Amino acid sequence: MTGTNKKWRAALDRLADAFVDDILNASDEDILAEFRESHGDPDRHAVEMREAFETSIIAANKRRLAAAKAGAAAARSGGTTTIAPADIADARRRLRAVLDAPNLPPQLTLAARKENELSDSDIAGMLDDLWELGVIPRDGDEDGKS
C-alpha cells in the first residue's frame, strides 16, 4: 500500500512540474488571452484588485488607529492625576501635613528629597497616590470617600 502512495505522489509531482513549466513558458499575450476568456478585462480586474487592497489597508489602519486611541485614552486616564489642586502652595502644605503626621503608616516612605526640589506635578502625583492608597481624603471630601 505504501508503494502505491509513492507512485501516486510521484505522478502528482510530475503533473505539477508540467503545469509550472507550461505557465513559465507561456508568453504574456497567451496568459492575457486565457485570462480574458475566463475572467474578462484584465485592466478592470487590476483596478478592482487595487481598490480591494486599498480598502483592506484603510480598514487595517483604522483598526490600528482606534487601538492606539484607546491605549492613549487609557494611559491618560490612568496616568493623570485625579487631584488637581487650584493652589499649588496649598497642595504643598497638604502634602507636608500628611508626611509630618504622627499617625502616618510606617509602610509609606518618601524619597530623600527636599520638598522644594519637587515639581508641581510631583506634588499633585503624590497627593493622588496618597488618595488612592486611602491615606488622605479627596479635596473637599472629609470622610475619605469619593
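Is Arg-44 exposed, partly exposed or buried, and what is its relative accessible area? Arg-44 is partly exposed, with a relative accessible area of 42%. The points below start from the whole chain of this predicted model and return to Arg-44 later.

1. Overall make-up. The model is predicted. The protein chain has five helices and zero strands. Along the sequence the pattern reads α-α-α-α-α. There are 146 residues in the chain, and buried residues make up 12% of them. The accessible surface comes to about 11600 Å². Carbon and sulfur atoms account for 57% of that surface.

2. Contacts along the chain. Take the contacts between residues at least 6 apart in sequence. Of these, 60% join residues at least 24 apart.

3. The nonpolar core. The largest nonpolar core has nine residues. They are Ala-91, Leu-95, Val-98, Leu-118, Ile-123, Leu-127, Leu-130, Trp-131 and Ile-136. Two helices, H4 (88–100) and H5 (120–132), each supply at least two of these residues. The largest share, four residues, comes from H5. As general background, nonpolar side chains in soluble globular proteins tend to be buried together.

4. Ile-123 within the core. Ile-123 is one of the nine core residues. Set aside its neighbours within four places in sequence. Ile-123 is then in contact with Ile-88, Ala-91, Arg-92, Leu-95 and Leu-118. Ala-91, Leu-95 and Leu-118 are themselves core members.

5. Helix H5: length and cover. H5 has 13 residues, and at 1.5 Å a residue it should span 18 Å. Its end C-alpha atoms are 18 Å apart, so the model agrees with the expected span. The buried residues of H5 are Ile-123, Ala-124, Gly-125, Leu-127, Asp-128, Leu-130 and Trp-131. Asp-128 is thus on the buried list, alongside nonpolar residues such as Leu-127. What covers the buried residues of H5 includes H4. After H5 comes Gly-134, with a positive phi near 85°.

6. Asp-120 and the H4 side. Asp-120 is found in H5. Its relative accessibility is 43%, so Asp-120 counts as partly exposed. Leaving out residues up to four places away in sequence, Asp-120 touches Ile-88 and Arg-92. Ile-123 is in contact with both of those residues too. Asp-120 and Ala-89 are 31 residues apart in sequence, yet their C-alpha atoms are 9.1 Å apart in space.

7. The salt bridge of Arg-44. The count of salt bridges comes to two. In one, the side chains of Arg-44 and Glu-48 meet at 2.5 Å, N to O. Both residues lie in helix H3 (residues 42–79), four residues apart, about one turn of the helix. An α-helix has 3.6 residues a turn, so residues three or four places apart point the same way. Arg-44 is partly exposed at 42% relative accessible area. Glu-48 is also partly exposed, with 37% relative accessibility.

8. The salt bridge in H4. Arg-93 forms a salt bridge with Asp-90. The closest N and O atoms are 4.0 Å apart. A reviewer should read that value against the cut-off, which is within 4 Å. Both residues lie in helix H4, three residues apart, about one turn of the helix. How exposed is Arg-93? Arg-93 has 52% relative accessibility and so counts as exposed, the cut-off being over 50%. Asp-90 counts as partly exposed, at 39% relative accessibility.

9. A nonpolar patch on the surface. Which residues form a nonpolar patch on the surface? They are Leu-12, Leu-15 and Phe-19. Together they have about 310 Å² of accessible area. Leu-12 lies in helix H1 (residues 2–25). At 48% relative accessibility, Leu-12 counts as partly exposed.

10. Helix H2. Helix H2 covers residues 28–39, which makes twelve residues. At 1.5 Å a residue the expected span is 16 Å. The end C-alpha atoms are 16 Å apart, so H2 agrees with expectation. Gly-40 follows H2, and its phi is positive, near 95°.

How values were computed
Residues are numbered from 1 along each chain as its sequence is written. This is a predicted model: local features need pLDDT of at least 70, side-chain atom pairs count only at pLDDT 80 or more; totals for chains, interfaces and linings use all residues. Side-chain values use heavy atoms; hydrogens and water are left out. A nonpolar core is a set of buried Ala, Val, Leu, Ile, Met, Phe, Trp, Tyr and Cys residues joined through side-chain atoms within 4.5 Å. Buried means under 20% relative accessible area, exposed over 50%, partly exposed in between (1.4 Å probe, protein chains only). Contact means heavy atoms within 4.5 Å. The expected span of a helix is 1.5 Å times one less than its number of residues. Patches are made of residues with over 30% relative accessible area and no salt bridge: like charges are joined within 9 Å, nonpolar side chains (Val, Leu, Ile, Met, Phe, Trp, Tyr) within 5 Å. Accessible areas come from the Shrake-Rupley method with a 1.4 Å probe; for residues, only the protein chains shown count as cover.
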